[in-house]
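Reader: Please take a close look at one helix of this model and at the surroundings in which it is placed. I should like a connected account of its packing partners, its flanking loops and the core.

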Amino acid sequence: MFDAKPLIGAGVLVYLTVALVARSRRPKTPVWSIMAFASFIVVATGLLGIDDVRKSVDVDVILFLVGMFSIVGLAETSGLLTAASYFFVSRFHSRVKLFYASAVLFGLLAAFAVNDTVALMGPAVAYVISRAAGIDPKAMFLLLAFSITIGSAMTPIGNPQNVLIASGSGMPAPMLVFTARLAVPTLVNLLLTAYLLSKLYGLRDAKVQVALIPEEAIRNRRDAALAAAGLAGTVLALVVNDFLELAGMPHVSDRGIIPFVAAAAIYPFTSNPRRILSRVDWSTVVFFITMFITVAGVMRSGVVDPALRLLLPEKATGARDLFAIALLSLALSQFLSNVPLASIMVEYMRGLGYSSTDVRAWLTLATASTIAGNLTLLGAASNIIILEMLERRFKTTITFTEFLRVGVLVTALNMLVYAPFLLL
């Protein structure tokens, strides 16, 4: 009897790839609507039963996103993030040092404030720095895109795919594990990427005086204080929770609840609670819900299994298998984007028997699927966000070819630096 499921699954993947590529040329169609229609196809064709839809959605990840977007949204609207950026860059009075410092700034912001948020507020800061310091705007915007991607790899809260992998793998103490293993290579990569861009764009050193006054960026002091408390409290709670888990003491296993509870504690005391809730990127939330549904259906169709088994036929933890995970992540992220790719890989790897103890494999998946965003414009949603901001607000753009020409070098350099730390 003919089984139509693999054909339908292949059709869904083709649709996603074509729609995402077409969107890079005509960005009016939001990514979440593309994924939403894919989830409709999955359910309408019977790849996933109606009763299985709810089971396929990871509520822990959804709660995490709502909580973090709320807190970071408050930090952005109050001016806290911009003030922190201004304070940091105003410490440097050398063009080259400012360029390097900007890479570290964007990277650290992405590590703890979610990369897509930094992609939204970062272009304005990057533009101010480029004008004040006489730096080529394209070099500055590329630095922003690359640094956000690199920095977000450092923590399990830096980007959506890391949240997904930390939650789906069941990895113990993810906040401690990510930072302990990836903090050093991430900081090295931020500095090396700044060095590479400074050479490619012929950045010459000179004294600069960037007149940025942090206090003037604060729009609401009470909201800024609440946002600072929320961010610091969330990160501290995640770290303490990891230590409790390692000590075998009672802890919160569903970590997405932590930022959600922190946000819930803040809402009533903000100047405008409705505005804070409106700052939640609901399009990303819808994207994740429909992505979980789509991936569940595609995995049931079995269409991706041959391609995955070709490079990763069975569970193993040697260098070759880590290389296969990295290669699959880097390549397939360019077609599906890194979040759907990570979701597919988590399901497949768990099916092979990878468990919470296979930390090297999960960190390799997280790192490679994140750094894949530095290869092409399509590799990460944050790249598209920055591109839209450039074209809409600053009347400039970065072409696919321009990004790729530099991205190939940056991606190769990044993975070479991360490799020994992942193999430890």
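Author: The following account takes helix 8 as its centre and then turns to the neighbouring loops and the nonpolar core. The model is predicted, and the values below are computed from it.

Two packed helices are described by the angle between their axes and the distance between the axes. For helix 8 (residues 137–152) and helix 10 (residues 174–200), the angle is about 165° and the axes lie 10 Å apart. Because angles over 145 degrees count as roughly antiparallel, helix 8 is roughly antiparallel to helix 10. The contact draws on Ala139, Leu142, Leu143, Phe146, Ser147, Ile150 and Gly151 from helix 8, and on Thr186, Asn189, Leu190, Thr193, Ala194 and Leu197 from helix 10. Sorted by class, the contact comprises eight nonpolar and five polar residues, with no charged residues. The crossing of these two helices is right-handed.

Helix 8 also packs with helix 21 (residues 400–423), where the axes come within 12 Å and cross at roughly 35°. This crossing, too, is right-handed. On the side of helix 8, the contact is formed by Lys138, Leu142, Ala145, Phe146 and Ile150; helix 21 provides Glu402, Phe403, Val406, Gly407, Val410, Asn414 and Tyr418. Eight of the contact residues are nonpolar, two are polar and two are charged. Leu142, Phe146 and Ile150 thus appear in the contact with helix 10 and in that with helix 21.

The loop between helix 7 (115–133) and helix 8 contains Gly134. Leaving aside residues up to four places away in sequence, Gly134 touches Arg95 and Ile129. The C-alpha atoms of Gly134 and Leu203 are separated by 9.4 Å, although these residues are 69 residues apart along the chain.

A further loop, between helix 9 (160–169) and helix 10, holds Ala173. Most residues other than glycine have a negative phi. Ala173, which is not a glycine, has a positive phi of about 45°. Ala173 counts as buried because its relative accessibility is 1%, and buried means under 20%.

Finally, the core may be considered. In soluble globular proteins, nonpolar side chains tend to be buried together. The largest nonpolar core of this model has 129 residues, and Phe99, Phe288, Met291 and Met349 have the most contacts inside it. Helix 4 (residues 59–77) gives the most to this core, with 11 residues. Met291 touches Met35, Leu164, Val339, Pro340 and Ser343, again not counting residues up to four places away in sequence.

Note on methods
Residues numbered from 1 in each chain as written. Predicted model: local features only at pLDDT ≥ 70, side-chain atom pairs only at ≥ 80, totals over all residues. Heavy atoms only, no water. Axes fitted to C-alpha atoms, helices over the stretch in contact; angles between N-to-C directions. Helix = DSSP H or I, 4+ residues; strand = E, 2+ residues; numbered from the N terminus. Parallel < 35°, antiparallel > 145°, perpendicular 65-115°, else oblique. Left-handed = near helix turned anticlockwise from the far one by under 90°. Contact = heavy atoms within 4.5 Å. Nonpolar A, V, L, I, M, F, W, Y, C, P; charged D, E, K, R; others polar. Core = buried A, V, L, I, M, F, W, Y, C linked by side-chain atoms within 4.5 Å. Buried < 20%, exposed > 50% of the residue type's maximum accessible area, 1.4 Å probe, protein only.
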